[in-house]
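Welcome! Here are some exercises to work through with the sequence and the 3D view side by side. Try each task yourself before you read its solution.

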Amino acid sequence: MRPLVGLGPLLMVALLSGAMVSGDPRINSRFIYGKLNEKVNVYVKVYWNSPFLACMDESLSRAEIIDPLFLWIGPDGRNLKGQSYVNVTETGKLKLITFRKSMSGSYGCTLTYKRMKDNLQEEKEAFKSYKFMLFAYRDPDYTFQVSARFSTQACNIVENDQYLEELKKIMEDLIFSLTCELTDEFLKCHVIKVPKHGLQSVLFISFKVNPFAPGWETVCRNLTGDCGDETNSRALKARDRIEEFFLKQTYAHKEFSFVPPIRYLDKSLQILREDKCRPGFGKDEFNHAECPDCCVVCGHGTYNSNNNVRCRVCSSIEINYYGATAC
């Protein structure tokens, strides 16, 4: 679980058509340039177009190039020119259209051009090669763990369980229109010694909220891209509604002329986000430090068969493709 601190690095999803580049401070540049003798990592959100990849390094882009020729080779070793899922410009820039996990891998380009002597009568052919590693990624699916404390008259009274059921119904009504659901409801009562207030009976109530209530699939039918953006948006709205509800309880209690038998304890609400990755994707802060909050496509030799956070190593068979969902 992670503290609820907002979108943080995930705001970068909107940059460069969903792509992020390894260690590149020029994240808002129009193109991603190659680097000599070094692979450039590019992360592309599934179903989005990649940014343009330039078949040259940044320093060469500022120079005149005589008779340039560009050759792009995909992960399968084939020439990409003329392929339906790519756009190659006359200046050698490559864009991949509607990126999918199977398109992940190594993309190489070779720039051939001429160098001329000062007398312009001698020319020599020159070559430069560049490598780009493209990885499909998704945003994690959001689930929120909600917990709060409530004062009660005693731990052994039936009203405690009744209160949990009433609270559950209120929460379900709040988030029903968002196709979100409550799961893993939990209630525990403890007697706590509170400084300057003696002993108090306190209810600890927690539950989880996810955007996958029955019927959530219908939300995605009219979407052309990844439904994860929509489900996460609904989960965030559900979180906001729950926060607003508890904030109102805080102000409502201050207006009471008596203390209700069970009441919310101010500022006890905690909401933590739990991330899950879709099958074939997983988080890997070590190998994908440039995209630590992303669910990146599982690499060769690894898989994710369900909604685990990380890809697992497969030791029983050889996996030589990206995005495996079984071992």
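**Exercise 1. Find out over which residues pLDDT stays under 50, and how the chain scores overall.**

Step 1. Across residues 1–17, pLDDT (the predictor's confidence in each residue, from 0 to 100) stays under 50, and the model has 40 contacts there beyond four places in sequence. A contact means heavy atoms within 4.5 Å.

Step 2. Residues 22–28 also stay under 50, with 12 contacts beyond four places in sequence.

Step 3. Now take the whole chain: the average pLDDT is 85, and 86% of the residues score at least 70. Confidence is lowest in strand β1 (residues 2–3), with a mean of 40, and highest in strand β16 (residues 281–282), at 96.

Before you go on, two notes. This is a predicted model, in which local features need pLDDT of at least 70 and side-chain atom pairs count only at pLDDT 80 or more, while totals for chains, interfaces and linings use all residues. Residues are numbered from 1 along each chain as its sequence is written, and side-chain values use heavy atoms, with hydrogens and water left out.

**Exercise 2. Describe the make-up of the chain.**

Step 1. Count the elements: the chain has four helices and 19 strands. These are DSSP runs numbered from the N terminus (helices are H or I with at least four residues, strands are E with at least two).

Step 2. Of the 327 residues, 43% are buried. Buried means under 20% relative accessible area, exposed over 50%, and partly exposed in between (1.4 Å probe, protein chains only).

Step 3. Of the contacts between residues at least 6 apart in sequence, 65% join residues at least 24 apart.

**Exercise 3. Which residues of helix α2 are buried, and where do they sit around the axis?**

Step 1. Helix α2 covers residues 159–175, 17 residues in total, and reaches 24 Å from its first C-alpha to its last. That is close to the expected 24 Å at 1.5 Å a residue (the expected span is 1.5 Å times one less than the number of residues).

Step 2. Asn 160, Leu 164, Leu 167, Met 171 and Ile 175 are the buried residues of α2. They cover an arc of only 70° around the axis, so they lie on the same side of α2. The arc is that of the directions from the helix axis to the C-beta atoms.

Step 3. Turn to the other side of α2, and you find Glu 166 and Asp 173 exposed.

Step 4. Here is the general rule: an α-helix has 3.6 residues a turn, so residues three or four places apart point the same way.

**Exercise 4. How many aromatic pairs does the whole structure hold?**

Step 1. A search finds 12 aromatic pairs. Rings of Phe, Tyr and Trp (its six-membered ring) pair if their centres lie within 6.5 Å; planes under 30 degrees apart count as stacked, over 60 as edge-to-face and the rest as tilted.

Step 2. One of them joins Phe 31 and Phe 52 edge-to-face, 6.4 Å centre to centre with 70° between the planes. Phe 31 belongs to strand β3 (residues 31–34) and Phe 52 to strand β5 (residues 52–57), so the pair ties together parts that are 21 residues apart in sequence.

Step 3. Both Phe 31 and Phe 52 are buried.
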